[in-house]
Each structure stands twice: as structure tokens, then as C-alpha cells.
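These notes were written for a colleague who wishes to go through the model point by point. Please read them with the sequence and the coordinates open.

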Amino acid sequence: MNGFFDMPSDLQNTYWGLIGLHLRNALIPVLIGLLVALPVAQLCVRLRWLYPPVLWVTTVLYAIPSLAFFVVLIDYTGLSETTVMIPLAVYSLVVFVPAIVDGVRSVPRETLDAATAMGFGPIRRYLQIQLPIAAPAIIAGLRVASVSSISLVSVGMLIGNQGALGNLLNSGMIYNQPRLIWLSVIGTAVLAIVVDALLIGLRLLLTPWMPRGGRPAPADRPGATAGAAPEEATL
């Protein structure tokens, strides 16, 4: 294993430095996309006629190839990380907007009416009632957007070595070193798996009322009575 993680000098980074750079370039656009999608989705919930055109726009933007995005942005942002991050943030909207809209719309009307009767205004009701209940749908969208972004960062190798781990693909072909190609592919896959696992843990932490996988319902447990209420429904 000695020297297995050595990097060519032209990359000007260590392997672990490339991993950190890859995570930064992938996750910052996802967070920006989430922050943009939250108010947009709420507008779509309140103004139902707005949802179809917003969804159409995000879908069209997602259909634009990343290389075409790069060509347009290079004149404004140059051969920089920003040129890679902007398309990734835009692409995440096609996942976040429908996920948030569907999650918020799933909140029962009785719950919203009760919150209104307690004096909750629209913003407070959105932040304290609708978003927490919609958390499973939002985190599901966050998982998809994060894994997709981690894989797409590698395309940045085509614009001035801005692909983080993707740069190793180019270097592996230039120097004829399959080791670098394997480090890029395996490293990217492991990052996606780890981030996805962490988001699953976040979902379990934020939504303790949700059923756990493989956990039997109370009615299936030995000694459970027919009239027993499900444990997850106690909220």
C-alpha cells in the first residue's frame, strides 16, 4: 500500500485533500439548492397554479447538459469551482421542489387548522408544523440530490481540473496509471454511500415517530392485543 495514494504533482493536492474538495464542491450546491427550493416550494403550495410552470422550468434546466452549462458560465465565472457548483445547484431544484411540495401538501388540514387556532401565523406554521412533518420527503430528496451531485462533480475535470476526484481520471489516462482511475471511481462511490448513510441517520434522528425498517408492528408482537394502539401513532 506504500505509495498507493501518492498523487501526481500537477494535481497540487493529496488524495485526502481531493476527497475534502470533492465533498465541498458537491454538497455546497445541494445546500444552496435546498435554500432556494424551500420558499419556491411554499409559493407553489400556496399558489397551486404556479407549481406546473415551476416544475416545467426546473425540468428543462435539468435537461441541459452540464458541458453546455459550463460553456455559458465560463465567460462569467471562469475556470473555477463556481462554474461547477452553479449547474449542480440548479439540477438539485428538480428534486427538491416536488419533494418539498409533496411533503408539505401531505400535512393534514386538521393539523393546520389547529395550529392556526393556536395563533400560528403562516411563516411560523410553515417552519414549526409543515416542514417537520414533511421532513421524511425532504430528506429523501436530499439523498437523491446529494448522491447525484457527488457523481456529477467529476465532470469538472474538463474545465481546468475542477473535478476534485474526477481529476484522477484524467491523470490516470495521461500517465497510464490505472491506480489513479480506481482511486477516483472507488473514492466517489464510497463518498456517495457514506453521505447517503449519514442522511438516513439524520432522518431517523429528526423523525423518531417514523417506523424503523424491520421493526415489527405492535400487533405482530407476541402478546399484543387487538385493541392496542400502534406505538408510532402516539403522537
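1. Ile200 has its place in helix α8, and, because its relative accessible area is 31%, this residue is classed as partly exposed. Its C-alpha atom lies 8.1 Å from that of Arg143, although the two residues are 57 positions apart in the sequence. It should be kept in mind throughout that this is a predicted model, so that every distance and area given here is a computed value.

2. Arg143 is also one partner in a salt bridge, the other being Asp196, with 2.7 Å between the closest N and O atoms. Since Asp196 belongs to helix α8 and Arg143 to helix α6, this pair ties together parts of the chain that are 53 residues apart in sequence. The two partners fall into separate accessibility classes: Asp196 counts as buried because its relative accessibility is 18%, under the 20% limit for that class, whereas Arg143, at 30%, counts as partly exposed.

3. How many salt bridges does the structure hold? There are two, and the other pairing to be described is that of Glu81 with Arg24, whose side chains meet at 2.4 Å, N to O. Because Glu81 sits in helix α4 and Arg24 in helix α1, the pair ties together parts that are 57 residues apart in sequence. Glu81 is partly exposed, with a relative accessible area of 22%, and Arg24 is likewise partly exposed, at 40% relative accessibility.

4. Helix α8, which spans residues 178–206 and includes Ile186, deserves a further remark on its surface. Trp182, Val185, Ile186, Val190, Val194 and Leu198 make up a nonpolar surface patch of about 590 Å². Ile186, one of these patch residues, has a relative accessibility of 47% and therefore counts as partly exposed.

5. On the overall architecture, the protein has eight helices and zero strands, and its elements follow one another along the sequence as α-α-α-α-α-α-α-α. Of the 235 residues in the protein, 39% are buried. When contacts with a separation of 6 or more are considered, 68% of them join residues that are 24 or more positions apart. The accessible surface comes to about 13000 Å², and carbon and sulfur atoms account for 69% of that area.

6. The largest pocket has a volume of about 260 Å³ and is lined by 14 residues, among which Val45, Val104, Arg109, Leu112 and Gln130 lie nearest its centre. Which helices each supply at least two residues of this lining? They are α1 (15–46), α4 (81–105), α5 (109–117) and α6 (122–152), and the largest share, four residues, comes from α5.

7. Enclosed space should be considered apart from the open pocket. Two cavities of 30 Å³ or more are counted, and the largest cavity holds about 60 Å³ of space. Its lining consists of Tyr62, Leu88, Tyr91, Ser92, Val95, Ala145, Ser148, Ser149 and Leu152, with α4 and α6 each supplying at least two of the lining residues. These two helices also each supply at least two residues of the lining of the largest pocket.

8. Two residues at helix ends are worth inspecting. Asn167 is found in helix α7, which covers residues 167–174, and is buried because its relative accessible area is 3%. With neighbours within four places in sequence left aside, Asn167 is in contact with Leu11, Met157, Asn161 and Gln162. Thr77 is found in helix α3, which covers residues 66–77, and counts as partly exposed because its relative accessibility is 26%. If residues up to four places away in sequence are not counted, Thr77 touches Thr82, Thr83 and Ile86.

Definitions and conventions:
Residues are numbered from 1 along each chain as its sequence is written. This is a predicted model: local features need pLDDT of at least 70, side-chain atom pairs count only at pLDDT 80 or more; totals for chains, interfaces and linings use all residues. Side-chain values use heavy atoms; hydrogens and water are left out. Patches are made of residues with over 30% relative accessible area and no salt bridge: like charges are joined within 9 Å, nonpolar side chains (Val, Leu, Ile, Met, Phe, Trp, Tyr) within 5 Å. Accessible areas come from the Shrake-Rupley method with a 1.4 Å probe; for residues, only the protein chains shown count as cover. A salt bridge is a side-chain nitrogen of Lys or Arg within 4 Å of a carboxyl oxygen of Asp or Glu. Buried means under 20% relative accessible area, exposed over 50%, partly exposed in between (1.4 Å probe, protein chains only). Contact means heavy atoms within 4.5 Å. On a 1 Å grid over the protein atoms alone, a cavity is a set of points where a 1.4 Å probe fits but cannot get out, and a pocket is an open set with protein on both sides within 12 Å along at least five of seven lines; lining residues have an atom within 4 Å of a point. Grid points are joined across faces, edges and corners, and a volume is the space filled by probe spheres set on the points.
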